[in-house]
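Student: I would like a close look at one part of this protein, taken slowly and with the reasoning spelled out. Please begin with the sheets and then go on to the side-chain pairs.

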Amino acid sequence: MLRITWSCIVLVCCSFTLHALNLNATSSSSSSSKILVHPHQHPDPQAVVHDVNRRVNESVTRRQLLVVQVRDQCLTGNPIDDCWRCDPNWELNREHLADCAIGFGREALGGRGGNVYVVTDPSDPDPENPPPGTLRYGVVQAGPLWIIFSGNMVIKLRYELLISSFKTIDGRGANVHITGLGCLIIYDVTNIIIHNVHIHHCKPSGNAKIRISPTQVTERGRSDGDGISVLASSKIWIDHCFLSYCTDGLIDVTEGSTAVTLSNNMFAHHDKVMLLGHSDDFTADSGMQVTVAFNHFGDDLKERMPRCRFGYFHVVNNDYTQWGMYAVGGSSHPTINSQGNRYLAPQDNNNKEVTKRMDTDESEWRKWNWRSEGDLMVNGAFFVTSGADMSPQYAEASSMSPLSASYIDQLTATAGVLVEQSRSDAGTVTNPSSGGGIVTNPAAPGSSGGGVVTNPAAPGSSGGTVTNPVSSGGDGSSGYPGQGSTGTITGTSCWYTDNGIDYGSIYNSEARTPLVPMTSVILSVIAIVAFLHRTCS
């Protein structure tokens, strides 16, 4: 009889890691002659792609192996979440989050090694002289700082929030909304982590003097009204945020920025979602490298998911819920590597194409390297590839296949803002208002409670009462009662998403049909089991 022990699993994981390190070292040496235009540009982007695919495959395989012996375990197969969410004492080691990034932004340190700053005041009274306790005061301090929040709050900004280098904005443990004028600006800085916050209804801000450090104030003109703007910056990681309803873009990465990862985010209700590259004549963006992974592109989105220029863009294991014009587009010969995504086309028979090339003749864009591997095309969706496709440029990425798109539900189930439930009996929705109430004293799904939401009224109006706790977790018909969500609270974790998005009805039966995992994944599992049998029997 096969016995699987922790020591065996650790041994297998270590052997995988050593093999991956050897591949990375080989590929790096073979591409050392490449001319780099940015000091933080990776010399071998395919090695980074390979590392992302390796980590996803290992995380899913580890979850499948542990199910043999461990019931009710928290692993999801998402390598970022599995890195920190399984620790019940994560609050005592918040900085461990900085170990969990993947892709081009994986070296982002944020405020690691610095003090912890607690935001206690949601106001934004003075952009030039922000008072202690406000978010603005924290983001302009010198040196690394890990910024957390004392409780649930809505921060309505009066002007752009300029974030200085080596900062983490960590919304875990609270329900934090950032809205208002200007919103988040990451300009000419490095090592920034933005995690687990709602960013919405951002509008352009006017001229102002804004503090950017304890000793410096800068003059700022009118902003665009983006949710998050990343300009001339590097080592940036934006994870588990929910962005919607902004004036211009939800996330823009421009003006020579690179080493960026955008992961586990939820996007909804917007036109121009994500711009990666400033303009067609800004050639400094040729050094831009961005990973877009495990995101959910949700309801009522039109275009730019993303829209790319010049650089290298790895779009991997994302879930696309239709689009108004197109999903992935670009100009100025970007390299786009689309792997293991699910593309659900809209009903319009004239709008099934995933891709769009802008302002370029076909004779030119046919030379661009746009590749689709392992993507799931639903409802007639199709991806127009071009360029080298299977040339040596993609050889390293192909040596470790991306995880099949059949795992998309598993990998993106918690995209957006996570809310932790305490382990107690069912709670009550309190503070009902036009904006919704807050769930107090909720139970952990899958533990002692959850319960059924009774008398919910309209989401976001009078809320309701959580009653009838059950062992299998909450009914979830109101997901986060009083916040207008209709998603399902599953019983697999003490975390659930707060996105206001209906996960239960947006896919038709075709989109929900799982695919058989890719041959390479099956062979990998067989090899692991055989190895364990030889080593541990």
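In what order do the eight strands of the open sheet run, and is the pairing parallel or antiparallel?

Tutor: Please keep in mind throughout that this is a predicted model. The open sheet of eight strands has the order S4-S7-S12-S15-S19-S23-S26-S29, and its pairing is parallel. Its edges are strand S4 (161–162) and strand S29 (355–357), each of which pairs on one side only. Within this sheet, strand S23 (residues 307–309) runs parallel to strand S26 (residues 328–331), and three bridges join them; Cys-308 is placed opposite Gly-330 in S26. As background, strands of a sheet pair through backbone hydrogen bonds, in either a parallel or an antiparallel sense.

There is also an open sheet of ten strands, again with parallel pairing, which follows the order S1-S2-S5-S8-S13-S16-S20-S24-S27-S30. Here the edge strands are strand S1 (115–119) and strand S30 (370–373), and each finds a partner on one side only. From one strand to the next, the twist of this sheet averages 10 degrees. For a pairing inside the ten-stranded sheet, take strand S20 (residues 289–293) and strand S24 (residues 312–316), which pair in the parallel sense over five bridges, with Gln-289 standing opposite Tyr-312 in S24.

From the strands we can turn to the side chains. Side chains of opposite charge can pair when their charged atoms come close, and the structure holds 15 salt bridges. One of them joins the side chains of Glu-107 and Lys-235, at 3.7 Å from N to O. Glu-107 belongs to the loop between H3 and S1, whereas Lys-235 belongs to strand S13 (residues 234–239), so this pair ties together parts that lie 128 residues apart in sequence. Strand S13 is itself a member of the ten-stranded sheet, and the loop that carries Glu-107 leads to S1, an edge strand of that sheet. Glu-107 has a relative accessible area of 46% and is therefore partly exposed, since that class falls between 20% and 50%.

Another salt bridge connects Asp-409 and Arg-342, whose closest N and O atoms are 2.8 Å apart. This pair, too, links distant parts of the chain, for Asp-409 sits in helix H7 (residues 408–412) and Arg-342 in strand S28 (residues 342–344), 67 residues apart. The two partners fall into separate classes of accessibility: Asp-409 is partly exposed at 30%, while Arg-342 is buried, with a relative accessible area of 3%.

Salt bridges that share partners also join Glu-91, Arg-94, Asp-170 and Arg-172 into one network. Within it, Arg-172 and Asp-170 form a salt bridge in which the closest N and O atoms are 2.8 Å apart. Arg-172 has a relative accessible area of 2% and counts as buried, and Asp-170, at 0% relative accessibility, is buried as well.

A last residue to consider is Arg-85, which is found in the loop between helix H3 (79–84) and S1. Its relative accessible area is 7%, so Arg-85 is buried, and its side chain makes a polar contact of 3.4 Å with the side chain of Thr-414. The loop between H3 and S1 thus holds both the buried Arg-85 and the partly exposed Glu-107.

How values were computed
Residues numbered from 1 in each chain as written. Predicted model: local features only at pLDDT ≥ 70, side-chain atom pairs only at ≥ 80, totals over all residues. Heavy atoms only, no water. Pairing = 2+ DSSP bridges. Helix = DSSP H or I, 4+ residues; strand = E, 2+ residues; numbered from the N terminus. Axes fitted to C-alpha atoms, helices over the stretch in contact; angles between N-to-C directions. Buried < 20%, exposed > 50% of the residue type's maximum accessible area, 1.4 Å probe, protein only. Polar contact = N/O pair within 3.5 Å; in protein donor to acceptor, adjacent residues only side chain to side chain. Salt bridge = Lys/Arg side-chain N within 4 Å of Asp/Glu carboxyl O.
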